[in-house]
Amino acid sequence: MSSQNIYILGIESSCDDTAASVIHNGKILSNVIASQKIHEEYGGVVPELASRAHQQNIVPVVHQALKKAGITKEQLHAVAFTRGPGLMGSLLVGTSFAKSFAYGLNIPLIDVNHMQAHILAHFIDEEGFNKPSFPFIAMTISGGHTQIVEVKSHFDMTVIGETIDDAVGEAYDKSGKILGLGYPAGPEIDKRAQKGNPKAYQFTKPKVAGLNFSFSGLKTAILYFVQREVKANPNFIEENLNNICASIQYTIIGILIDKLKLATKQTGIKQIAIGGGVSANSGIRQALKDGEQKFGWTTYVPKFEFTTDNAAMIAIVGYLKYLEGDFAEQNITASARLKI
Ligand code: KG4
Ligand code: ZN
């Protein structure tokens, strides 16, 4: 078995996406995702419904990932799975499946930390995308997480800042709910923000010391602001939606960039990589580009399909751990609050 010819199956089921991916050495052969539409009508992820849907999706999703990759399960060298953090019921589906699958095939099992995977997605071989060199700062921004991490090597990472309440994606989604937008609202707020005036309305930024974030106060400020304006003019939202979205986006991006500036100052590291669903945002992408000019940053944004929850990022971590011989035992359990 040459180290040049390794096939790993990655499985992700931490939240509401059931995903499987096959990686050949560092290159992704398939990246299959079954997103669960069921949560839209509830305006957020319903844990019990999520685990039931994972249960239904996992076998067909894995089957399709192998088929798309053009390999049989007997060709796999290891099975990697998300151990945590995430919703316990959801994690259990992927964990149990991966354990039995690896056991049945008599190949190694590899546990993956979902937050590390968002960062290590930058190490997938992908044309047109450079890999960051160490050390770098990673900012993971999604509906479930907001962290700043100092990355010294693939598996030597320190969280240097994180949210003390809501994640940044939640700030987008909850603001969207106040404005009567669908779930998740991030993409629509982003689209409308590009057509509005970012300085139309001012929202105070939270005062959180150091590199931690807080977004729950912003949500309340937006709620009170909208309630006050709607009282004076019942059509306020419809008449000013683009400006409201632009102002919310301007505030959120400002908060993220302020913390990145502080992180680069504290660590002396000017390489910045972002990941997670919110890294699709046009405002953060532009702000990072501006940072290259203004502050001498080098910035990395992964390919879109590797930013939101996916199994390719689990597969790349599986591959990196496989090379180090870092395997899990069969008695491993899922861990909802797993830390980096
Ligand atoms: O990484 P992800 O798919 O799932 C989680 O792990 O949460 O991220 C989903 C989050 C949602 O909150 C969604 O509103 C947000 O990412 N999002 C965006 C954009 N695209 C997705 N937020 C702002 N701008 C976007 N373009
Ligand atoms: Zn995630």
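These are my notes on the nonpolar cores, Ile119 and helix H7 of a predicted model.

Ground rules. Residues count from 1 along each chain as its sequence is written, and hydrogens and water are left out of side-chain values, which use heavy atoms. As the model is a prediction, local features need pLDDT of at least 70 and side-chain atom pairs count only at pLDDT 80 or more, while totals for chains, interfaces and linings use all residues.

Cores. I looked up the largest nonpolar core (buried Ala, Val, Leu, Ile, Met, Phe, Trp, Tyr and Cys joined through side-chain atoms within 4.5 Å; buried is under 20% relative accessible area, 1.4 Å probe, protein chains only). It has 41 residues, and Met139, Leu179, Phe215, Ile252, Leu256 and Ile284 touch the most other members. Among the elements supplying at least two residues each are strand E6 (136–141) and helix H8 (282–295); helices and strands are DSSP runs (H or I, at least four residues; E, at least two), numbered from the N terminus. H7 gives the most, 13 residues. A second, separate core of 31 residues includes Phe136 and Ala273.

Ile119. I found this residue in helix H3 (residues 114–120). It counts as buried because its relative accessibility is 1%. Its C-alpha lies 7.5 Å from that of Ile274, 155 residues away in sequence.

H7. I compared its length with expectation (1.5 Å times one less than the number of residues). The 32 residues should span 46 Å, and the end C-alpha atoms, 44 Å apart, agree with that. I noted a kink of about 55° centred on Asn242, the bend being the angle between axes fitted to the seven residues ending there and the seven starting there. Gly268 follows H7 with a positive phi, near 75°.

Note on methods. Chains are lettered from A and ligands numbered from 1 in the order in which they are written. Buried means under 20% relative accessible area, exposed over 50%, partly exposed in between (1.4 Å probe, protein chains only).
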